[in-house]
Amino acid sequence: MILDDSKLRGLRQGVRDLCAGFPDEYWRDLDARREYPEEFVRAMTEAGYLAALIPREYGGMGLDLTAACAILEEANRSGANANPAHAQMYVMGTLLRHGSREQREEYLPKIAAGELRLQAFGVTEPEAGTDTTRISTFAQRRGDRYVVSGRKIYISRVQHSDLMVLLARTTPVEKVKRRSDGLSVFIVDLRDAGDRLKVKRRRVMMNNFTNELELDGVEVPVRNRIGEEGMGLRYVMDGMNAERILIAAECVGDGRFFIDRATGRANDRVVFGRPIGQNQGVQFPIARAYANVEAADLMTRKAAALFDRDEACGAEANMAKLLAADASWEAANVAVQTFGGYGVDAEYDVERKFRETRLYQVAPISTNLILSYLAQHVLGLPRSF
Ligand SMILES: Cc1cc2nc3c(=O)[nH]c(=O)nc-3n(C[C@H](O)[C@H](O)[C@H](O)COP(=O)(O)OP(=O)(O)OC[C@H]3O[C@@H](n4cnc5c(N)ncnc54)[C@H](O)[C@@H]3O)c2cc1C
């Protein structure tokens, strides 16, 4: 459903109101303890926001990507971190677009109602890195089940999810024509995995719930395979434009958080008898960061609008992610500089958001890989790898 401007404003206000119940102290405390924001994720679920993209017939809000972007942007702008909750929005796309009618009917209403959490997406592996075609986790078919073994790394929110969408090889790489063939996607019910799945949390620089997984014969019913066997990489790639655009919106939200805080501080902090923001050396970097966040927002809106019209948007989705991640990172640095010593002080929250937004230069796709996509697929330069 497309929302007109006034409904979109109402949606944004609703998210702001919800986030006001989760002030800086809430996030600061969880960050110090490296705990999951259970209450925030529950509130977002109960408000229906995490089911924004689930069609109404399955109990979701049935909104378009433009509206979903507004939700995540507002969350991050408020000082929250949408990361612990955001995967449900984009992981669900694989199920929605490529799942069978039975799978959609089984899972989507429960996800929309908050009875099932779909927050985990298992692609990355230690030996494969960015080259997903090299993953070696293998799903061996045995009758009506697959038996899955292998290792994954940096798989987030596994302890806070009931289901995981998993990419695994179903045909050995030596036996496929193209390396992108022979991979399949599964819905893994984490509640049934038992001790065949070992989960070890990785401590990273931000409060992120990411893990190393060891799968040692995890059984997955054949009916839990999404789409055709061997076509999995295509299904996963298909969802990546939405993921990139949604992450770009989070970065725009982060950028606006930093600009808001830096501007407030520059107006209030008096040194040498005048507000520091009266000095052009302080105000120009904030103004430049503001311009870059606004530009990134335009590209994000353009990418979302193309996606919503079902038009090709690979270049725009990638550019939105690139520009927004760069803009939020620039704004983060400017905010730290504007706050001076307080910029690195945990009580002022800029340093926490600084660590959080840094991730988006690296994940879910690194800046270099976006540049190489643009160079090769948009500019027609030679393939470099
Ligand atoms: C906190 C966190 C959460 C994550 N959550 C998930 C998750 O839930 N699910 C999931 O599947 N994955 C997840 N990831 C993994 C993430 O998507 C990867 O870390 C990311 O895709 C980069 O892969 P890599 O770390 O293996 O880097 P590598 O592939 O080892 O690359 C390292 C660096 O080299 C550069 N590089 C590599 N090849 C080239 C080249 N040909 N040209 C130029 N530069 C190159 C890359 O751009 C990168 O900067 C998460 C990661 C983190 C840190």
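This briefing walks through one helix, the nonpolar core and the ligand shell of the structure above. The model is predicted, so local features need pLDDT of at least 70 and side-chain atom pairs count only at pLDDT 80 or more, while totals for chains, interfaces and linings use all residues. Residues are numbered from 1 along each chain as its sequence is written.

**Helix α4**
- Let's start with α4, residues 65–77 (helices are DSSP runs of H or I, at least four residues, numbered from the N terminus).
- Twelve of its 13 residues are buried, so α4 is largely enclosed by the rest of the structure (buried means 20 or more other C-beta atoms within 10 Å of the residue's own, with C-beta atoms placed from the backbone).
- The buried residues of α4 include Glu-73, Glu-74 and Arg-77.
- After α4 comes Gly-79, with a positive phi near 105 degrees.

**Nonpolar core**
- The largest nonpolar core (buried Ala, Val, Leu, Ile, Met, Phe, Trp, Tyr and Cys residues joined through C-beta atoms within 7 Å) has 112 residues, and Ala-52, Ala-68 and Ile-245 have the most contacts inside it.
- Helix α10 (residues 314–339) gives this core its largest share, 15 residues.
- Beyond its neighbours within four places in sequence, Ala-68 is in contact (C-beta atoms within 7 Å) with Ala-52, Leu-53, Leu-63, Met-89 and Leu-246.

**Ligand shell**
- The ligand is surrounded by 22 residues (C-beta atom within 6 Å of it), and the closest are Val-123, Gly-129, Thr-130, Ser-366 and Asn-368.
- Domain 2 (119–231) and domain 3 (239–378) both give residues to this shell, so the ligand lies between them; the domain bounds come from an automatic or database assignment.

How values were computed:
Helix = DSSP H or I, 4+ residues; strand = E, 2+ residues; numbered from the N terminus. Expected span 1.5 Å × (residues − 1). Contact = placed C-beta atoms within 7 Å.
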